[in-house]
Amino acid sequence: MIEDVSSRGLIGVAAIAAGLLGMAVVQSNRASTVADGMGAHVHMMGADAGEGATARPTTTVKPLSCEKLPNVPGHWITTALVEFPPNAYTPRHRHPGSVTAFVIKGALRSQMEGGPAVTYSQGQTWFEAPGAIHSFAENASATEPAELLAIFVAEDDCGPLTIPLTD
């Protein structure tokens with residue numbers, strides 16, 4: 001039997017994401033202690049966006065939660081805090097499912113393949129479709145840290161959140 005997840009499923013996912021987003025914003029100062037056993041940290045390569053051999057700081061991804069979506073069979077929702085130290089840069093990558101990013105602190109520049117680079121400030125969001133190529137993401141400031149809340153919906157049972165691309 002195939003379930004209809006078109007509107008009901010998406011509304012449910014949106015409601016869960018909104019609830020998780022609210023929790024993360026309220027607890028953003030305590031996010032590193034909220035991981036609750038999901039303390040895995042993913043460090044993105046400190047690749048450079050055009051300054052030769054000068055390495056830039058790495059980005060850290062801290063998973064906060066991962067839950068099976070009961071109304072969307074085979075799908076999971078993962079919420080993660082992504083920390084961008086001053087001048088941090090994340091090179092070209094993609095994600096295994098849909099991603100919504102919400103800037104909690106600071107400003108981030110982001111570019112999806114085929115689109116313009118955009119600077120997002122605190123409170124702004126962007127969306128990445130499944131398999132979309134994220135050309136780069138970087139802290140817009142060389143002196144202040146930035147953070148975003150990333151909400152992933154994928155079929156991967158809370159597996160890898162970021163897939164680096166080398167070409």
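Tutor: Let's agree on a word: a residue is buried under 20% relative accessible area, exposed over 50% and partly exposed in between (1.4 Å probe, protein chains only). The model is predicted, so to speak of local features takes pLDDT of at least 70 and side-chain atom pairs count only at pLDDT 80 or more, while totals for chains, interfaces and linings use all residues. Residues are numbered from 1 along each chain as its sequence is written, and side-chain values use heavy atoms, without hydrogens and water.

Student: How many of the residues of β11 are buried?

Tutor: Strands are DSSP runs of E, at least two residues long, numbered from the N terminus. A146, L148, A150, F152 and A154 point one way from β11, while E147, L149, I151 and V153 point the other way, and all are buried. The strand is mostly covered, and its buried count is nine of nine.

Student: Which residue of β11 does A80 stand opposite?

Tutor: Strands pair if DSSP finds at least two bridges between them. β3 and β11 pair in the antiparallel sense over nine bridges. In β11, the residue opposite A80 is A150.

Student: And which residue of β11 does T100 stand opposite?

Tutor: Here the strand joined to β11 is β6, running antiparallel to it over seven bridges. Opposite T100, in β11, stands I151.

Student: What is the volume of the largest cavity?

Tutor: A cavity is a set of points, on a 1 Å grid over the protein atoms alone, where a 1.4 Å probe fits but cannot get out; points join across faces, edges and corners, and the volume is the space filled by probe spheres set on them. Two cavities of 30 Å³ or more are counted. The volume of the largest is about 180 Å³.

Student: Which element gives the largest share of its lining?

Tutor: Lining residues have an atom within 4 Å of a cavity point. Of the 18 residues lining the largest cavity, V82, F84, H93, H95 and L148 are the closest to its centre. Elements giving two or more residues include β3 (76-84) and β6 (98-105). The largest share, three residues, comes from β11.

Student: How many residues in the lining of the second largest cavity are nonpolar?

Tutor: Nonpolar covers Ala, Val, Leu, Ile, Met, Phe, Trp, Tyr, Cys and Pro; charged covers Asp, Glu, Lys and Arg; the others, Gly among them, are polar. This cavity, of about 40 Å³, has W76, F152 and D156 among its lining residues, and β3 and β11 each supply at least two. One lining residue is polar and one charged, and the nonpolar count is seven.

Terms used:
On a 1 Å grid over the protein atoms alone, a cavity is a set of points where a 1.4 Å probe fits but cannot get out, and a pocket is an open set with protein on both sides within 12 Å along at least five of seven lines; lining residues have an atom within 4 Å of a point. Helices (H or I, at least four residues) and strands (E, at least two) are DSSP runs, numbered from the N terminus.
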